[in-house]
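Hi everyone, thanks for coming. I'd like to talk you through one structure today, so have a look at it first and then we'll go through it together.

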Amino acid sequence: MRFCRFDDDRLGVVVDDLVHDVTSVLDRLPPLRWPVPRGDHFFNHFADLRPRMEEMAKTVEGRPVSSVRLLSPVANPGKIVAAPVNYQLHLDESRADKQINFGGQVKTIDDYGVFLKAPSSLIGAGDAVVADWPDRRIDHEIELALVIGKKAFRVGEADALDHVAGYMIGLDMTIRGTEDRSFRKSLDTFTVLGPHVVTADEIGDPDNLDFEITVDGEPRQKSNTSLLIWNVRRLIAYASKAYTLYPGDVIMTGTPEGVAPVAPGNVMHARIDRIGEMSVRVTG
Ligand code: MN
């Protein structure tokens, strides 16, 4: 199943190019009272909602996805875990390009482990990335992203994929400079997820997906997730050693070579096999 959040927080099931509004299944969600449970409320109850979403989608008319404004399909992730330098050729380009490394030594993911991006940086495909630091280089990084569906703490690689609800295209927007990654990758609008979530059963093996991004039609990054240094299973196992992964938590798996600047007015077009594609505007 493919599902999205759109317009004024409507929930949609996506079939081909049509979105079927199934928002009323959310009436089943228990009311919340402060302090709310950890995790995203929707993904905490996804197993219960899913069959109802699938049933209802068959009974309501669809309308073109192109006619709605896509929001991030994950509304309230507790955390966004991200992988630094997780493709060899991106490691090589980072070491070669002073505008990326700023004179610092670029180590490997084995040295860095993973890092966190602020959930407040999150937008969907229908929103725009705001690049309003004119004296600084701001790059696109296309990444396979996943959302956790089942709580994970200290899970092994063999069981790791059982904890994934689904996959999305992720853009890990980055301002280059000397500051810590958690600053440079957490500016408002610097995490894009979309266009929808594709449930894990439709993806099967996440470690063999072609993906690419163009900017104003110009090819920029093109790779395959089989080239990940730490694959999806290893990232989940590693992250869950340190912190509990809750339903709704997001993992961004890292970007390949070809990172390059964007500027206001650009349109990024990103595509991942078996997930879909999305266009995202950059504004000033
Ligand atoms: Mn990245």
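**Where the two domains meet**

Okay, let's start with the salt bridges: there are three of them between domain 1 and domain 2. Before I go on, keep in mind that this is a predicted model. If you want one salt bridge to look at, find Arg50 and Asp201, where the closest N and O atoms are 3.2 Å apart. Then there are the polar contacts, and across this interface seven residue pairs make one.

Which parts of domain 1 do the touching? At least two residues each come from β1 (2-6), α1 (41-44), α2 (46-57) and β5 (70-71). β1 gives the most to that side, with three residues. And if you sort the touching side of domain 1 by class, you get seven nonpolar, five charged and two polar residues.

Let me step back to the whole chain. Domain 1 runs over 2-71, and domain 2 covers 80-283. Their C-alpha centres sit 24 Å apart. In the contact, domain 1 puts in 14 residues and domain 2 puts in 20.

How much area do the two domains bury between them? It comes to about 1,400 Å², with 56% of that on carbon and sulfur atoms. On the domain 1 side, three names are worth writing down: Arg2, Phe43 and Leu70. Together they supply 45% of the area domain 1 buries against domain 2, and no other three residues supply more.

That's my bit, so over to you for questions.

Note on methods. Residues numbered from 1 in each chain as written. Predicted model: local features only at pLDDT ≥ 70, side-chain atom pairs only at ≥ 80, totals over all residues. Heavy atoms only, no water. Domains from an automatic or database assignment. Contact = heavy atoms within 4.5 Å. Buried area = accessible area lost by both parts, 1.4 Å probe. Salt bridge = Lys/Arg side-chain N within 4 Å of Asp/Glu carboxyl O. Polar contact = N/O pair within 3.5 Å; in protein donor to acceptor, adjacent residues only side chain to side chain. Helix = DSSP H or I, 4+ residues; strand = E, 2+ residues; numbered from the N terminus. Nonpolar A, V, L, I, M, F, W, Y, C, P; charged D, E, K, R; others polar.
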